[in-house]
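Work through the three exercises below. Try each task before you read its solution.

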Amino acid sequence: MDLAALEIFRAVALEGSVTRAAERLGRVQSNVTTRVQQLEEQLGATLFLREGKRMVLTPAGEALRGYADRLLALAEEARQSVHPGQPGGRLRLGAMESTAAARLPQPLARLHAQWPGLVLELSTAPSRQLVEQVLAHTIDCALVAWPPPGIDAEAPVEHTAVFAEALLLALPADHPPVHTPQDLQLDTLAAFSPGCTYRRMGEAFMQQKDGSPPRVLELASYHAILACVATGRCAGVVPQAVIDLMREPPALRLVPLATCDTVLVHRRSYQSPALDALRTALTSGEAHRLAAST
């Protein structure tokens, strides 16, 4: 079993397709198929089921994927460790959608300009899922709203505060002023899926009205959340930074709700020059001024 075979295996598992995995890796399709077959023969186990054009992991494949993620992450960490002070290689960063849109463009542009050999892979998800991915070695670090719901306080992660987000309760424009939860005239919250820290904060605020948790309309973007709020059906929680990005925000009543730290999370044992360079980019320069002004 070698690292190249594990990289190919993981690409097929991620893409669910030999064709897309080959495109992702810059290899010919026949080579990917052969390497997967060789790995299966070496392990004496079937790793994928072929369902039409889709490749689905077997139980043995699911078990191997966890090891592959950890082994490949450790190999990348080892490569970087022999070049201290020279960020390079690959860094897999997860972030909340709002952070990716409002906070990352300038810091990541500066990071690339300073360290062009560093390849950064960015993915988005709610905070709890991002921490779970860090712990599972599927990403190296993540920007999350702290603390995420459902994450054990003793989880083996370290975190550094990088931004302070001003959160707003978004209400229909014709909603009366809200000073306390009892002033709310809505019982539905438009929010992301469970695992979103902002959703948890919105639910907790609305539950104070009468002790009953609000109904939740799950949506996949802030544009969709704000559109539903604007129609008068529900409330939503949105960072001020997201509103600031909009050229023409919808007509809404925006009520200050709370301030929530966005932190950079990584596994307790994980260190690399690339992570250090990212942390520096996030906590200095314009990024630092943005955080301080929020």
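Helices (H or I, at least four residues) and strands (E, at least two) are DSSP runs, numbered from the N terminus. This is a predicted model: local features need pLDDT of at least 70, side-chain atom pairs count only at pLDDT 80 or more, and totals for chains, interfaces and linings use all residues. Residues are numbered from 1 along each chain as its sequence is written, and side-chain values use heavy atoms, leaving out hydrogens and water.

**Exercise 1.** Place H223 and decide: is H223 buried or exposed?

Solution. Start with the helix: H223 sits in α9, residues 222-230. Next, apply the cut-offs: buried is under 20% relative accessible area, exposed over 50%, partly exposed in between (1.4 Å probe, protein chains only). H223 has 59%, so H223 is exposed.

**Exercise 2.** Find which residues touch the most other members of the largest nonpolar core.

Solution. A nonpolar core is a set of buried Ala, Val, Leu, Ile, Met, Phe, Trp, Tyr and Cys residues joined through side-chain atoms within 4.5 Å. The largest one has 46 residues; L169, L171, Y198 and V238 touch the most other members. Strand β6 (residues 157-172) gives the most to this core, six residues.

**Exercise 3.** Explain why C260 does not bond to the closest cysteine sulfur.

Solution. A disulfide is a pair of cysteine sulfur atoms within 2.5 Å. The closest cysteine sulfur to that of C260 is in C196, 9.3 Å away, so it is too far for a bond. C260 is also buried, at 3% relative accessibility. Now widen the search: the whole structure has zero disulfides. C234 is in none either; its nearest cysteine sulfur, that of C228, is 5.1 Å away.
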